[in-house]
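Hi,

Here is the structure I promised to pass on. Have a look at it first, and my notes on what turned up are underneath.

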Amino acid sequence: MSIYIAIEGIKPTISKLAVCLFFVFALYGKGLAAAPLTRPCRTSDLSGIYVLAQYKEIGGQGFSRIASHFRYRFLELTPPGTWVEHSMNRLPADRALIEKILSNDPKDRTYSLGADARLVVKRGEQITFTGSCAVSLSERDGFQANDLILSGELTNNPGELHELFRRWNGEPYQGAAADFDPAAALARAAPPGSQAPVAPADRLVAKEAAPVRADVVTVGQNAAAEISVVVTNLSRLPLSAFMVVYRNSVTAGIWRDALVDACVDHHPAWQPNQQWRQGYGTLLTVRQMQAYVGAAIFTDGSEWGDAKRLAELKQHRGSCQWPGA
């Protein structure tokens, strides 16, 4: 049996994505001269065959786990709205075979693009992906002209997914790499009328494994079991502030942000391996609890996570200061 047939049924689903602003409208500061120039996607951009060049999953593991095994990920967009994705663990030498595989895939997904570059992908009548879409206009900082930059959230898998798709014309393809740096791109620009997001000061932390982890913990049995979120400082640095992103049956499956700041709360910073815990109710009232850490600030000023959420953390802190902060 051909390996292409064997894997044809293994196609990870990109699902519901909450909007995460990722397209660039303006550049801020002299230090941003090297930032890639981008614009919001237009309907005319969503046509042709693309390959996933880079990706970054923040707060989840489902997409990354599959993408690490099936590194060759193709996306075929056909106007007025057909969306076909196919992943494989080997790259066929013949472009025609890849095109045949894509053409034989079910045409059960569609896409639409709103005036605000909000991309919506559906499988049948069910929304499987919502997010922002941008197009690179220049070859800077690892971007190439006409790259598609998608950013959003996966359904039934906590976290955010950032993808860079590159138009493919049959040239050699090395497969997707998990080294996309969405924080750096977000830090360089913002939509009109808003403040520029804050770039992570500790770029090494931003590229490595998350230095802060959130776990959903159940204590007790049956309906009286208590549901809590436990955040653990995995860094070698004291943790000053962080944002817990969560959803459950009480929020009707909508992601909410909880801002926690040691300075504002008059609480000592969390030392390495120390934990923060917050109860959310019992199994009788809270179901389908999911949570992850979206941003974190450490006492030495280093930062990790989504630039927009980092900006919210700093705004929440305001002018609060305490000795050693």
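**The three-stranded sheet**

An open sheet is built from three strands, running in the order E10-E11-E14 with antiparallel pairing. Strand E10 (212-219) and strand E14 (275-282) sit at the edges, each pairing on one side only. On average, neighbouring strands in this sheet are turned by 20° against each other, direction ignored. Strand E11 (residues 226-233) pairs with E14 through seven bridges, in the antiparallel sense. If you want one spot to click on, Ser228 has Gly279 in E14 as its bridge partner.

**The cores**

The largest nonpolar core has 33 residues, and the ones touching the most other members are Phe74, Leu119 and Leu148. Strand E2 (residues 48-58) is the top contributor to this core, giving five residues. Leaving out residues up to four places away in sequence, Leu148 touches a list of residues including Cys41, Tyr50, Leu77, Val135 and Phe165. Another core, of 24 residues, lies apart from that one; Val231, Leu239, Tyr246 and Val260 are among its members.

**How far to trust it**

Keep in mind that this is a predicted model. The protein chain has an average pLDDT of 77, and 76% of the residues score at least 70. Confidence peaks in strand E3 (residues 72-78), with a mean of 94, and is lowest in helix H1 (residues 3-6), at 32. Residues 1-35 have pLDDT below 50, though this stretch makes 113 contacts in the model beyond near neighbours in sequence. For residues 184-208 the pLDDT is also below 50, and there the count of such contacts is 63.

Cheers

How values were computed
Residues are numbered from 1 along each chain as its sequence is written. This is a predicted model: local features need pLDDT of at least 70, side-chain atom pairs count only at pLDDT 80 or more; totals for chains, interfaces and linings use all residues. Side-chain values use heavy atoms; hydrogens and water are left out. pLDDT is the predictor's confidence in each residue, from 0 to 100. Helices (H or I, at least four residues) and strands (E, at least two) are DSSP runs, numbered from the N terminus. Contact means heavy atoms within 4.5 Å. A nonpolar core is a set of buried Ala, Val, Leu, Ile, Met, Phe, Trp, Tyr and Cys residues joined through side-chain atoms within 4.5 Å. Buried means under 20% relative accessible area, exposed over 50%, partly exposed in between (1.4 Å probe, protein chains only). Two strands pair if DSSP finds at least two bridges between them. Axes are lines fitted to C-alpha atoms, for helices over the stretch in contact, and angles run from 0 to 180 degrees between N-to-C directions.
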